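This briefing describes one protein chain, topic by topic. Please read it alongside the sequence and the coordinates.

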Amino acid sequence: MVNDTTRLLGLDGLAVVEVMARDERAGEGPIVWLATVDERARMCPGRGVRATQMKQWVTTWPRDLPVAGRRCALLWRKRRWICSKAGCPRKTLTEQVSQIPARARLTERLRRATGAAVADGGRTIVQSARDHGVSWPVASAAFTSHAGRVLPAEPKPITVLGIDETRRGRPRWV
Ligand SMILES: [Zn+2]
């Protein structure tokens, strides 16, 4: 199932089944239909066992960065599983991959780019939200989480100077 389109998209654990064109003149990028190809996607986070009994199909539309300059609509048809471990408090779980955790509405790389545009790129939260096609609360949360990774919890004046210097060397998201 690994084809060129799958490699181009670069979302580990997911494969492109089909790319369906939409109206390009209306500014609509294609629909990219994804399928799960990594069995680890159905490991129960509660007990760490792989589920074997399927409950139902779930259709999700995770937001992502543009692909080759076009804003695509990702359509991930994934499964909800029944946890096979007796006594597991979760009972059911939906598939997840590193770029799209359970319940996430957007890919990790889009979330990071949205936060980094504010923290490192000097964009306002409103600008970054608009540029990345996400809502203001999503952009705001992405910035907070990005800043939490980059900055120490209680910065002292001398460490802030050091951080500014390292940040100058970081790649910029445009
Ligand atoms: Zn479980």
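**Overview**

The protein chain holds five helices and five strands. The model is a predicted one. Along the sequence, the elements come in the order α-β-β-β-β-β-α-α-α-α.

- The protein chain has 174 residues, of which 25% count as buried.
- Taking contacts between residues at least 6 apart in sequence, 54% join residues at least 24 apart.

**Strand pairing**

- Strand β4, residues 73-82, pairs with strand β2, residues 31-36, in the parallel sense, and four bridges are found between them. One residue pair in this arrangement is I31 with its bridge partner A73 in β4.
- Strand β3, residues 53-60, runs antiparallel to β4, and seven bridges join the two. Here M54 has W81 of β4 as its bridge partner.
- Strand β5, residues 92-94, is also joined to β4, through three bridges and in the antiparallel sense. I82 is found opposite T92 of β5.

**Nonpolar cores**

- The largest nonpolar core has 14 residues, and those touching the most other members are V118, I125, A129, V134, V138, A139 and F143.
- Two or more residues of this core come from each of α2 (108-119), α3 (125-132) and α4 (136-150). The biggest contribution is that of α2, which supplies six residues.
- Leaving out residues up to four places away in sequence, V138 touches L106 and A129.
- A second core, separate from the largest one, is made of ten residues, including L14, V32, A41 and W76.

**Packing of α2 against α4**

- The axes of α2 and α4 lie 7 Å apart and make an angle of about 75°. Because angles of 65 to 115 degrees count as roughly perpendicular, α2 is described as roughly perpendicular to α4.
- On the α2 side, the residues in contact are R111, R112, T114, G115, A116, V118 and A119. On the α4 side, they are A139, A142, F143, S145, H146, A147 and V150.
- Sorted by class, this contact of α2 with α4 comprises eight nonpolar, four polar and two charged residues.
- V118 and A139, which take part in this contact, are also among the residues of the largest core that touch the most other members. F143 is likewise found in the contact and in that group of core residues.

**Positive phi outside glycine**

- What sign does phi usually have in residues other than glycine? For most of them it is negative.
- A68 has a positive phi, near 50°, and is not a glycine. A68 belongs to the loop between β3 and β4.
- Is A68 buried or exposed? A68 has 8 other C-beta atoms within 10 Å, and since 12 or fewer is the cut-off for an exposed residue, A68 counts as exposed.
- R103 also has a positive phi without being glycine, with a value near 75°. R103 sits in the loop between β5 and α2.
- R103 is exposed because the number of other C-beta atoms within 10 Å is 8, and 12 or fewer counts as exposed.

Technical notes. Residues are numbered from 1 along each chain as its sequence is written. This is a predicted model: local features need pLDDT of at least 70, side-chain atom pairs count only at pLDDT 80 or more; totals for chains, interfaces and linings use all residues. A nonpolar core is a set of buried Ala, Val, Leu, Ile, Met, Phe, Trp, Tyr and Cys residues joined through C-beta atoms within 7 Å. A residue is buried if 20 or more other C-beta atoms lie within 10 Å of its own, exposed if 12 or fewer, and partly exposed in between; C-beta atoms are placed from the backbone. Two residues are in contact if their C-beta atoms, placed from the backbone, lie within 7 Å. Two strands pair if DSSP finds at least two bridges between them. Axes are lines fitted to C-alpha atoms, for helices over the stretch in contact, and angles run from 0 to 180 degrees between N-to-C directions. Angles under 35 degrees count as roughly parallel, over 145 as roughly antiparallel, 65 to 115 as roughly perpendicular and the rest as oblique. Ala, Val, Leu, Ile, Met, Phe, Trp, Tyr, Cys and Pro count as nonpolar, Asp, Glu, Lys and Arg as charged, and the others, Gly among them, as polar.
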